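This report describes the architecture of one protein chain, from its overall make-up to selected residues. The sequence and the model are shown below.

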Amino acid sequence: MPTKEDYYGALGVSRDAKDEEIRKSYKRLVRKYHPDVNPGDKTSEERFRKIQEAYDILSDKKKREVYDQYGFYSDHIPPGGFRPGGAGGQQAQQPGQDFNFDGFDFRNAGEAREGGGAGFGSFRDIFSQFFGGRDQASAPAQAPERGSDLEYGLNIPFWDSIRGTQVKLNINRQEICPTCNGSGSSGGGSSVCPECDGSGHVEQMAGAMRFSLTCPRCKGSGRLRNVCPTCHGDGRLSKPDVVEVRIPAGTKNGSRLRVPGKGNAGTLGAPAGDLYINIRAEDHPLFTRNGNNIEIRIPVTVSEAALGAKIEVPTIDGRAQLKVPQGTQNGQKFRMREKGVLDARKERRGDQIVEVVIQAPKAHDERTREILRELARLNPEDPREELWGKV
């Protein structure tokens with residue numbers, strides 16, 4: 001029986017793991033079990049080989065489909081099996097035997113079958129379906145990888161969110177390794193890959209079939225590079241950095257600002273990721289921001305509300321006058337045009353909404369109490385009278 005490796009177990013992921021989860025687990029395990037990090041440790045070297053082999057299969061969509069169908073998690077063989085000579089009277093290939101391609105017409109394997117049954121089509125098409133038509137003996141060079149984005153939370157005072165400001169952030173980001181300039185190699189030459197003996201490919205069983213696959217350890221090059229001792233082959237190092245960020249005037253609470261190119265560095269010349277700043281604007285004891293409008297509650301006296309008055313109210317620009325009409329009621333709101341926050345994109349300002357809170361006078365002396373009693377005699381109406389009709 002062919003050996004059935006648990007590739008998902010080797011990478012420590014579940015069978016339904018997403019591609020990104022597989023990639024992250026692979027990178028973490030490679031750094032942990034790399035032979036250069038564990039010199040002379042045969043157990044780590046074997047584990048490293050299995051990790052490389054597992055990633056070579058599971059990172060390729062077509063290879064993963066074949067593995068899921070014929071590998072560790074599935075023991076079945078296609079009904080009838082493949083017949084080595086193409087003749088229907090011959091015995092099907094048994095599990096564990098090397099697949100024999102003798103007698104196949106690679107132009108049309110289906111015509112080699114007897115009995116008029118449906119053929120397999122071009123045998124090259126079978127490989128194309130499994131592996132996307134790629135030549136397994138030649139491995140593509142490691143592709144450049146864009147740096148990942150970073151997220152940073154920033155609390156700013158209320159006035160900085162209104163007027164804008166410039167801040168310096170201390171962050172940790174991955175930068176190009178100065179020792180290897182991002183290559184991940186020490187530049188001290190290379191050695192023959194012991195996994196494939198320099199051929200660049202290895203044999204792999206999938207059910208009853210044997211395939212020649214790219215060597216997972218050397219990626220088809222046939223040689224192993226000397227890993228950079230500073231970054232352990234990753235090509236990047238985590239370092240502290242100071243980033244200057246401009247907070248625009250009118251920035252809202254919950255805004256997300258993007259700083260291009262200030263995320264983690266890319267590999268092999270690929271661009272760096274971006275830095276995203278999540279803004280948390282602090283509250284103000286007097287002003288409340290609602291979109292681009294500013295809301296405020298202003299106390300007024302009974303006489304100002306009853307007789308009308310011009311009063312001074314605070315705004316984000318300083319003091320401004322507000323006309324309180326005669327007969328103003330408690331809780332009544334007034335709009336002060338364009339006294340709110342500037343919206344730079346629309347080039348317009350919001351408004352300030354003023355809510356009136358009528359303050360009852362305090363009767364500290366007899367004269368005040370006498371005037372209030374006189375006021376009650378002059379205004380005998382009951383303000384609660386209409387409530388009873390609604391009970």
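Two residues are in contact when heavy atoms of theirs lie within 4.5 Å. On that basis, residues 24 or more positions apart account for 62% of the contacts in the chain with a separation of 6 or more. The model is a predicted one. Its chain has 391 residues, of which 37% count as buried, and its secondary structure comprises eight helices and 17 strands.

## Nonpolar cores

In soluble globular proteins, nonpolar side chains tend to be buried together. The largest nonpolar core of this chain contains 20 residues, and Leu11, Ile22, Ile51 and Leu58 have the most contacts inside it. Two or more residues of this core come from each of α1 (7–11), α2 (19–33), α3 (42–58) and β5 (209–214). The greatest contribution is that of α3, with six residues. A second, separate core has 19 residues, among them Ile298, Ala305, Ile316 and Val354.

Ile51 illustrates the surroundings within the largest core. Beyond its neighbours within four places in sequence, Ile51 is in contact with Ala10, Leu11, Tyr26, Leu29, Val30 and Tyr33.

## Helices α3 and α8

Helix α3 has a number of buried residues, including Phe48, Ile51, Ala54, Tyr55, Ile57 and Leu58. Polar and charged residues of α3 are buried as well, among them Ser44, Arg49, Gln52, Glu53 and Asp56. At the start of α3, a side-chain oxygen of Asp41 comes to within 3.1 Å of the backbone nitrogen of Thr43. Helix α8 has a cap at its N-terminal end, provided by Asp365, with a side-chain oxygen 3.1 Å from the backbone nitrogen of Arg367. The spans of the two helices, from first to last C-alpha, are set out below.

| Helix | Residues in helix | Span | Expected span |
|---|---|---|---|
| α3 | 17 residues | 24 Å | 24 Å |
| α8 (366–378) | 13 residues | 18 Å | 18 Å |

In α3 the span is close to the value expected at 1.5 Å a residue, and the span of α8 is likewise close to its expected value.

## Strand pairing

Strands of a sheet pair through backbone hydrogen bonds, either parallel or antiparallel. One open sheet consists of four strands in the order β10-β11-β17-β14, with mixed pairing. Its edge strands are β10 (288–290) and β14 (333–336), each of which pairs on one side only. On average, neighbouring strands of this sheet are turned by 35° against each other, direction ignored.

Within this sheet, β11 (residues 293–301) and β17 (residues 352–359) pair in the parallel sense over eight bridges. Opposite Ile296 in this arrangement stands Val354 of β17; Val354 is also one of the residues of the second core.

An antiparallel pair is formed by β12 (residues 309–315) and β13 (residues 318–324), over seven bridges. These two strands make a hairpin with two residues between them, and Ala309 has Val324 as its bridge partner in β13.

## Selected polar residues

Glu295 belongs to strand β11. Because its relative accessible area is 31%, Glu295 counts as partly exposed. A polar contact of 3.2 Å links its side chain to that of Asn290. Not counting residues up to four places away in sequence, Glu295 touches Leu286, Phe287, Thr288, Asn290 and Ile353. Thr315 is 20 residues from Glu295 in sequence, with 9.5 Å between their C-alpha atoms.

Asn292 occupies the loop between β10 and β11. Its relative accessible area is 18%, under the 20% limit, and Asn292 is therefore buried. The side chain of Asn292 makes a polar contact of 3.4 Å with the side chain of Arg289. Outside its neighbours within four places in sequence, Asn292 is in contact with Lys252, Gly340, Val341, Asp343, Gly350 and Asp351.

Asp234 is placed in the loop between β6 (223–227) and β7 (236–247). Asp234 also counts as buried, because its relative accessibility is 16%. Its contacts, leaving aside neighbours within four places in sequence, are with Lys27, Arg31, Gln174 and Thr267. Ser185 is 49 residues from Asp234 in sequence, and their C-alpha atoms are 8.8 Å apart in space.

Technical notes. Residues are numbered from 1 along each chain as its sequence is written. This is a predicted model: local features need pLDDT of at least 70, side-chain atom pairs count only at pLDDT 80 or more; totals for chains, interfaces and linings use all residues. Side-chain values use heavy atoms; hydrogens and water are left out. Buried means under 20% relative accessible area, exposed over 50%, partly exposed in between (1.4 Å probe, protein chains only). Two strands pair if DSSP finds at least two bridges between them. The expected span of a helix is 1.5 Å times one less than its number of residues. A polar contact is a pair of N or O atoms within 3.5 Å; within protein, one must be able to donate a hydrogen and the other to accept it, and residues adjacent in sequence count only if both atoms are side-chain atoms. Axes are lines fitted to C-alpha atoms, for helices over the stretch in contact, and angles run from 0 to 180 degrees between N-to-C directions. A nonpolar core is a set of buried Ala, Val, Leu, Ile, Met, Phe, Trp, Tyr and Cys residues joined through side-chain atoms within 4.5 Å.
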